[in-house]
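Let's explore a protein together, one question at a time. Have a look at the picture first, and then we will begin with how its parts meet.

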Amino acid sequence: RIYLDWNATAPMLPEARDAMIEALSGVHGNASSVHHEGQVARTVIERARRAVATAVGAKAQSVVLTGGATESNNQVLRHHIVEHARPSLVSSAVEHPSVMEVVRELGQKEVPCVVWPVDSRGRLDLAWLRARFVEAAAEDSQLASPTMVSVMWANNEVGNVYPIDEIAALVHEFGALLHVDATQALGRVPVDFEAAGVDLMALSFHKMGGPKGIGAIVAREGLKIEATLAGGHQERGRRPGTENVPAAAGLSGALKALAEQGEAWGEALRKKRAVFLEALAEQSIEYELRGDLENHLPNTLNVAFKGIDGEDLLLALDLEGVSASSGSACTAGSLEPSHVVLAMGFEERDARRSVRFSFGPSTPEEDLVEAAKRVGVLVTRLSGYAAQG
Ligand code: PMP
């Protein structure tokens with residue numbers, strides 16, 4: 001089979017798998033215990049914390065290990081609301097549901113929340129954000145001044161990469177905090193927490209070859225992060241619950257591979273993308289690429305095929321041995337079009353055409369060429385059905 005859904009989750013790196021197997025068979029202590037076994041487990045956790053800090057250019061004490069980016073995003077946003085006297089949020093229109101849904105819920109609880117719109121290529125206009133701050137600062141303004149802005153480093157569905165350093169500078173000019181979901185950026189484009197001037201960041205490691213169910217919050221020094229859960233002192237009280245030692249070992253393995261091979265991965269991904277695009281162009285089919293192709297993840301392509309419903313194509317591709325995604329959420333049996341593509345201004349029917357192909361450094365080029373050929377055959381066949389019926 002040809003797996004082109006790395007943005008949903010990536011196959012595990014051998015370095016991550018080996019480290020996990022070693023931990024599963026040899027490290028059975030609880031990292032909070034003072035005896036030898038406990039201390040061995042503690043070493044695994046602290047090594048993982050340092051690996052995360054090194055990977056994203058932060059200090060080890062800034063890193064809180066969590067159960068993934070959904071948890072990290074929830075905790076950062078909810079904590080900000082509790083901590084701040086008059087919280088007010090801005091989040092981009094293309095955030096992951098673990099940001100969007102929390103913001104929606106907080107909005108219903110009367111926390112002022114506004115959505116930063118995107119254009120037809122999914123780009124964010126910094127002038128919009130500046131205008132929002134300036135308007136709120138006016139003497140007779142009824143608007144709440146934003147206290148936190150939440151923007152992703154890279155988008156999971158269309159692959160856009162956002163100018164985080166510029167956004168951070170603007171947000172800080174007005175005294176607010178910037179929270180960044182860097183889940184899809186890690187392992188694909190350089191991520192530097194301190195150089196970009198980010199205040200809070202959410203990470204997950206299963207998109208880049210680490211284990212599922214482990215993530216992190218990175219918080220600038222001096223920023224408090226309170227726990228969502230109660231009942232334990234782990235992670236200095238910021239994430240209670242017995243630590244997931246095997247997953248921490250796996251994440252260290254994955255990040256070791258990233259440190260050693262990250263640059264080569266970026267280059268390999270760009271080449272693979274070119275190969276896939278070339279193979280797609282050779283098919284006699286009509287399609288358009290969605291997103292901001294100038295500021296883009298090298299592993300992601302969001303493609304809309306003329307006259308074809310994305311779900312129909314995905315099902316047909318699955319039968320032909322190719323796994324891709326629409327990036328859409330399947331809610332109670334009804335297939336919703338992607339909120340990201342809708343936010344870009346496409347009509348519902350047009351939004352449903354989006355098919356996301358995402359691959360990784362180990363995806364063979366031949367697989368990409370073969371997948372493009374199968375896409376060509378299926379799109380032609382499905383267009384035939386559409387013309388008849
Ligand atoms: N943010 C983004 C941008 C994502 O793509 C995902 C995973 N789809 C998440 C957050 C959630 O991460 P996790 O699976 O670790 O909860």
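Q: How many residues of domain 1 are in contact with residues of domain 2?
A: Two residues are in contact if their C-beta atoms, placed from the backbone, lie within 7 Å. By that rule, 24 residues of domain 2 take part, and the number from domain 1 is 25. This is a predicted model, where local features need pLDDT of at least 70 and side-chain atom pairs count only at pLDDT 80 or more, while totals for chains, interfaces and linings use all residues. Residues are numbered from 1 along each chain as its sequence is written. On the domain 1 side, the count is 25 residues.

Q: Which elements give two or more residues to the side of domain 1 that touches domain 2?
A: Helices (H or I, at least four residues) and strands (E, at least two) are DSSP runs, numbered from the N terminus. The elements that give two or more residues to this side of domain 1 are α8, β10 (300-305) and α10 (339-343).

Q: Where do the two domains lie in the sequence?
A: The bounds come from an automatic or database domain assignment. The centres of domain 1 and domain 2, taken over C-alpha atoms, are 28 Å apart. In sequence, domain 1 covers 2-9 + 262-388, and domain 2 covers 14-257.

Q: Which helix gives the most to the largest nonpolar core?
A: A nonpolar core is a set of buried Ala, Val, Leu, Ile, Met, Phe, Trp, Tyr and Cys residues joined through C-beta atoms within 7 Å. Buried means that 20 or more other C-beta atoms lie within 10 Å of a residue's own (exposed is 12 or fewer, partly exposed in between), with C-beta atoms placed from the backbone. The largest such core has 111 residues, and W153, M201, L203, V218 and A248 have the most contacts inside it. The top contributor, with eleven residues, is helix α8 (residues 245-281).

Q: What share of the 389 residues is buried?
A: The protein has twelve helices and 14 strands. Of its 389 residues, the buried share is 49%.

Q: Why does a radius of gyration of 22 Å agree with a compact globule?
A: The radius is taken over C-alpha atoms, and the globule rule is 2.2 Å times the number of residues to the power 0.38. Because the protein has 389 residues, a compact globule would have a radius near 21 Å, which agrees with its 22 Å.
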